[in-house]
Amino acid sequence: MHKPSPIHLASKKLRLADFEKEHDVGGKKKYETQLAELQLTMLRVQQAYHYQKRRALIVFEGWDAAGKGGAIKRLSEKLDPRGLTVHPVGPPTPEEQGRHYLYRFWTKLPSPGKLVLFDRSWYGRVLVERVQGFAKKEDWQRAYDEINEFERQLIDDGVRVVKFFLHISKKEQLKRFTDRLRDPYKRWKVTEDDIVNHERWKDYRDAIEDMFDRTSTKLAPWHVIAANSKQFARLRVLELATKTLGEDVDLSVPVLKPGIAVAARERLGIDIDRV
């Protein structure tokens with residue numbers, strides 16, 4: 001009989017103030033070299049998951065304008081789109097509101113050989129729904145255990161779960177809002193909700209740190225990314241994603257299926273061993 005994995009909280013306390021340091025990646029050329037290397041490794045990880053029929057989901061949370069979209073783009077742009085799905089998560093539909101809040105995420109989980117990315121996630125229950133009062137106190141308080149159990153079930157079933165939170169300072173967020181609003185092609189990204197959320201920074205900070213304390217588990221720890229530098233954040237996300245997803249996974253070149261080499265030589269005139 002299968003015994004569920006125990007849920008143990010991570011021992012280290014995560015505090016946002018520890019992730020506001022500015023990071024220098026060493027210039028554009030070094031950044032682009034590291035980015036290309038990490039993206040190639042990420043592609044190899046994806047190929048391994050495809051051939052070995054593994055499953056993984058990557059969760060992105062963070063402040064408004066923290067660079068989640070840019071990090072997701074760099075992580076995914078060199079991957080095979082057939083093996084990857086990105087789910088941008090917004091408010092639940094009227095149909096979804098009439099069901100348990102985790103329902104809409106159960107329907108989007110990865111199938112064998114696939115990677116799934118969530119741009120925001122089920123953690124909305126203990127963040128925006130808590131701060132804005134969309135969920136009752138007893139509901140969002142209960143959600144911590146529900147989320148831990150949800151993720152434990154996925155991990156026990158073989159799904160690799162990676163969780164990122166992109167953190168920027170309040171000052172940096174205001175700067176990015178300013179830059180977006182002054183750019184006619186980017187000002188659409190700033191919503192009234194973004195302005196309200198910026199004004200309630202302390203409330204969100206408290207909710208975020210409570211989320212870390214209650215849901216950063218040994219099975220699925222939170223990785224907080226210092227994102228005041230966009231380039232550093234993108235490299236750090238790729239570094240941690242390839243490391244975590246590649247752990248205990250055979251990343252060697254897959255063996256050609258028996259008979260393919262013979263058929264290629266006899267029917268197509270291709271000798272695969274000849275360079």
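Which residues does Asn148 touch, not counting residues up to four places away in sequence? In this predicted model, Asn148 touches Ile7, Leu9, Arg214, Thr215 and Thr217. The legends below begin with an overview and then return to this residue.

**Figure 1. Overview of the predicted protein chain.** The secondary structure of the chain comprises 11 helices and 5 strands. Its C-alpha atoms fill a box of roughly 70 × 55 × 40 Å, taken along the principal axes. Of the 275 residues in the protein chain, 44% are buried. Among contacts with a separation of 6 or more, 82% are accounted for by residues 24 or more positions apart.

**Figure 2. Surroundings of Asn148 in helix α6.** Helix α6 spans residues 137–156 and contains Asn148. The relative accessible area of Asn148 is 7%, and because the cut-off for burial is under 20%, Asn148 counts as buried. Apart from residues up to four places away in sequence, the residues that Asn148 touches are Ile7, Leu9, Arg214, Thr215 and Thr217. Two of these, Ile7 and Thr217, also belong to the lining of the largest cavity, as does Asn148 itself.

**Figure 3. The largest cavity and its lining.** The model holds 1 cavity of 30 Å³ or more. About 40 Å³ of space lies in the largest cavity. Its lining is formed by Ile7, Asn148, Glu151, Arg152, Thr217, Leu219 and Ala220. By class, this lining has 3 nonpolar, 2 polar and 2 charged residues.

**Figure 4. Strand β3 and its pairing with β1 and β2.** Strand β3 covers residues 115–119, and 4 of its 5 residues are buried, so the strand is largely enclosed by the rest of the structure. Strand β1 (residues 55–62) pairs with β3 in the parallel sense over 5 bridges. In this pairing, Val59 stands opposite Phe118 of β3. Strand β2 (residues 84–88) also runs parallel to β3 and is joined to it by 5 bridges. Here Val86 is the residue that stands opposite Leu117 of β3.

**Figure 5. The largest nonpolar core, with a view of Leu75.** This core contains 71 residues, of which Phe60, Leu75, Trp122 and Phe164 touch the most other members. Helix α10, which spans residues 230–246, gives the most to the core, with 8 residues. When neighbours within four places in sequence are left aside, Leu75 is in contact with Met42, Ile58, Phe60, Leu117, Val237, Leu238 and Ala241. Among these partners, Phe60 is itself one of the four core residues that touch the most other members. Leu117, also in contact with Leu75, is the β3 residue that stands opposite Val86.

**Figure 6. Two residues with positive phi, Lys53 and Ala65.** Neither Lys53 nor Ala65 is a glycine. Lys53 has a phi of about 55° and lies in the loop between α1 (28–51) and β1. With a relative accessible area of 52%, Lys53 is exposed. Ala65 has a phi of about 70° and is placed in the loop between β1 and α2 (68–76). In contrast to exposed Lys53, Ala65 counts as buried, at 9% relative accessibility.

Key: Residues numbered from 1 in each chain as written. Predicted model: local features only at pLDDT ≥ 70, side-chain atom pairs only at ≥ 80, totals over all residues. Heavy atoms only, no water. Core = buried A, V, L, I, M, F, W, Y, C linked by side-chain atoms within 4.5 Å. Buried < 20%, exposed > 50% of the residue type's maximum accessible area, 1.4 Å probe, protein only. Helix = DSSP H or I, 4+ residues; strand = E, 2+ residues; numbered from the N terminus. Contact = heavy atoms within 4.5 Å. 1 Å grid on protein atoms, 1.4 Å probe; cavity = no way out; pocket = protein on both sides within 12 Å on 5 of 7 lines; lining within 4 Å. Points joined across faces, edges and corners; volume = space filled by probe spheres on them. Nonpolar A, V, L, I, M, F, W, Y, C, P; charged D, E, K, R; others polar. Pairing = 2+ DSSP bridges.
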